[in-house]
Amino acid sequence: MEWFERTKTYEADLIADLNQIVKIPSILDPNTQSDRTPFGVDMARALAKMEELAARDGFRYGRVDNMVTWIEYGPADAAETVAILTHIDIVPAGEGWLRDPFKPEILDGLYFGRGAADMKADLMSAYYAMKYLADHEITLTRKIRLIIGTDEENGWRDLPRYFEVEGEPTMGFSPDGAFPVVNGEKAFQTVQLRFANQTTGDYVLRRFIAGSRPNVVPGEARARVSVPNPAQVQNEFATYLAQYPFLSGQSEVRDQEVRLLLKGVQAHGAYPQDGENAGTYLANFLRHFAFNADAKTFLDFIGRVVHDDIGAENLGLRYHDDVMGDLTLNVGVMRFSQNGQGTILLNFRYPQGVNVQAVTTQVQRHLGDFAATVEVWPGGMEPHLVPETDELVGTLSLVYAKQTGMYMNPRTSNGGSYARLLKRGVAFGGQFPDVPVTSHQANESTPVANLTRSMAIFAESLLKLAK
């Protein structure tokens, strides 16, 4: 019997358990952080649910600093460990959902819910792959550990702590990427611009807000402006939107103040080409009016210098590496509040051959009249590459080829997974090449058939790596 036929029998149970996890809004919550809940109460609830499943299925499990849960199968005293590196935290739901993101549904063969693609479905497929081996009492030489983090979408404060306490596994993969094997991951680094918000004159930028995370393409932007002729701004805004069919928005006037809402297309910041940045488009529209002082330079920088420039050419950072590809830029967060302090967060993904010093230097050089300070956010990562000759890469590549009937060479990704924390770590699944990427987007989904399809690939891979 083929692997997929074997794992298909688990589909109903897998979906039932996945539903329990997706219903928990495991988003970083500063309001409920404590020693017992370092990233919020809902995150702790999500880990507790996974531990409940592990106890039900007879696995060994434990927790590190209330940040990471591990679930284990195989000989407890094994000298070597094969790790499955996952995370249970998600990005905020955002706007534009046609259904409740925390009430999972299956429609037309697609499983909908926040985390369906990134990465609760793949976490559950990996868990069930390990469960398959345990249910069939398969003897292993290496032990397998499913490691579940809670801070991947923010500061990566979880797994580094886990490695300090538990040590580094021998090898492993993270199903937080794509098939086939992703043996290289670009660096990712967020650069923060801070600046004053002084604005006077006939045109006053009261407030500008776009984005919530540096690694998400903003799907919505809002601005409040005081102008001499509100009707003119409204008319020109309608004309501007008509030029771009992928944008939408609305405006209203309150006491000579125009309030603008522009909607673009939200996407994962690792692939800014998949989205339409609402923030830079709104700034691009507003920069043509006679704002002055800091408002003028703010709007010019995001509405001209970095607008629609995912290759960062206008910052002098266009770069291509033959192995790892191009440098990319996402303008993830934009904030301006009159007479306050403003912030812009620029998220860069770059290959080997570029370093953070080069990035910050070029940003500084291209600020022009923009009186902003340039700071590097903590938590960035350098490029990561595992040679194609490594046993890990070869084994996973062959399993994927066998089960899909198609061999595909290992490749590099713009995304960042926990695999890069291991010397011998790669991303592997669960995004299939023929499926649109919906991570971090409204109406996030994954094909139901791929839940056990991924499970089958993971199960055979774990058997070969740990046997």
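**Cavities, cores and backbone outliers in a predicted model**

Colleague: How many cavities of 30 Å³ or more are there?
Modeller: The structure is a predicted model. A cavity here is a set of grid points where a 1.4 Å probe fits but cannot get out. By this rule, and with a lower limit of 30 Å³, the count is three.

Colleague: How much space lies in the largest cavity, and which element gives the largest share of its lining?
Modeller: The largest cavity holds about 70 Å³. Its lining includes Ala116, Ala117, Asp122, Gly430, Gln431, Ser445, Thr446 and Pro447. Two elements, E25 and E26, each give two or more residues to this lining. The largest share, three residues, comes from E26.

Colleague: In which sheet does E26 lie, and what is the order of its strands?
Modeller: The sheet is open, has three strands and is paired antiparallel. Strands E4 (105-107) and E26 (445-447) are the edges, since each pairs on one side only. Neighbouring strands are turned by 30 degrees against each other on average, direction ignored. The order is E4-E5-E26.

Colleague: Which residue of E26 is the bridge partner of leucine 110?
Modeller: Strand E5 covers residues 110-112 and is joined to E26 by three bridges, with the two strands running antiparallel. Pro447 is also one of the residues lining the largest cavity. The bridge partner of leucine 110 is proline 447.

Colleague: Where are the cis peptide bonds at methionine 119 and glycine 430 placed?
Modeller: The bond from aspartate 118 to methionine 119 is cis, with omega near -15 degrees. Methionine 119 belongs to the loop between E5 and H4. The bond from glycine 429 to glycine 430 is also cis, with omega near -5 degrees. Glycine 430 is in strand E25 (residues 430-431).

Colleague: Is histidine 440 buried or exposed?
Modeller: Histidine 440 lies in the loop between E25 and E26. Its phi is positive, about 70 degrees, although the residue is not a glycine. The cut-off for buried is under 20% relative accessible area. At 1%, histidine 440 is therefore buried.

Colleague: What is the exposure class of aspartate 65?
Modeller: Aspartate 65 is another residue other than glycine with a positive phi, near 50 degrees. It sits in the loop between strand E1 (60-64) and strand E2 (68-73). Its relative accessibility is 38%, so aspartate 65 counts as partly exposed.

Colleague: Which helix gives the largest share of the largest nonpolar core?
Modeller: This core has 62 residues, and those that touch the most other members are Met50, Ile71, Met124, Tyr127, Leu146, Phe173 and Phe428. Another core, of 53 residues, lies apart from it and has Phe208, Ala223, Ala278 and Leu282 among its members. In the largest core, 11 residues come from helix H4 (residues 120-135).

Colleague: Which residues does tyrosine 127 touch, not counting those up to four places away in sequence?
Modeller: Tyrosine 127 is one of the core members that touch the most others. A contact needs heavy atoms within 4.5 Å. With sequence neighbours up to four places away left out, tyrosine 127 touches Met50, Leu53, Ala54, Asp57, Phe59, Ile71 and Leu146.

Colleague: Is asparagine 31 buried or exposed?
Modeller: Asparagine 31 is in the loop between helix H2 (11-22) and helix H3 (41-56). Its C-alpha atom is separated by 9.0 Å from that of valine 41, 10 residues apart along the chain. With a relative accessible area of 73%, asparagine 31 is exposed.

Methods: Residues numbered from 1 in each chain as written. Predicted model: local features only at pLDDT ≥ 70, side-chain atom pairs only at ≥ 80, totals over all residues. Heavy atoms only, no water. Core = buried A, V, L, I, M, F, W, Y, C linked by side-chain atoms within 4.5 Å. Buried < 20%, exposed > 50% of the residue type's maximum accessible area, 1.4 Å probe, protein only. Helix = DSSP H or I, 4+ residues; strand = E, 2+ residues; numbered from the N terminus. Pairing = 2+ DSSP bridges. Axes fitted to C-alpha atoms, helices over the stretch in contact; angles between N-to-C directions. 1 Å grid on protein atoms, 1.4 Å probe; cavity = no way out; pocket = protein on both sides within 12 Å on 5 of 7 lines; lining within 4 Å. Points joined across faces, edges and corners; volume = space filled by probe spheres on them.
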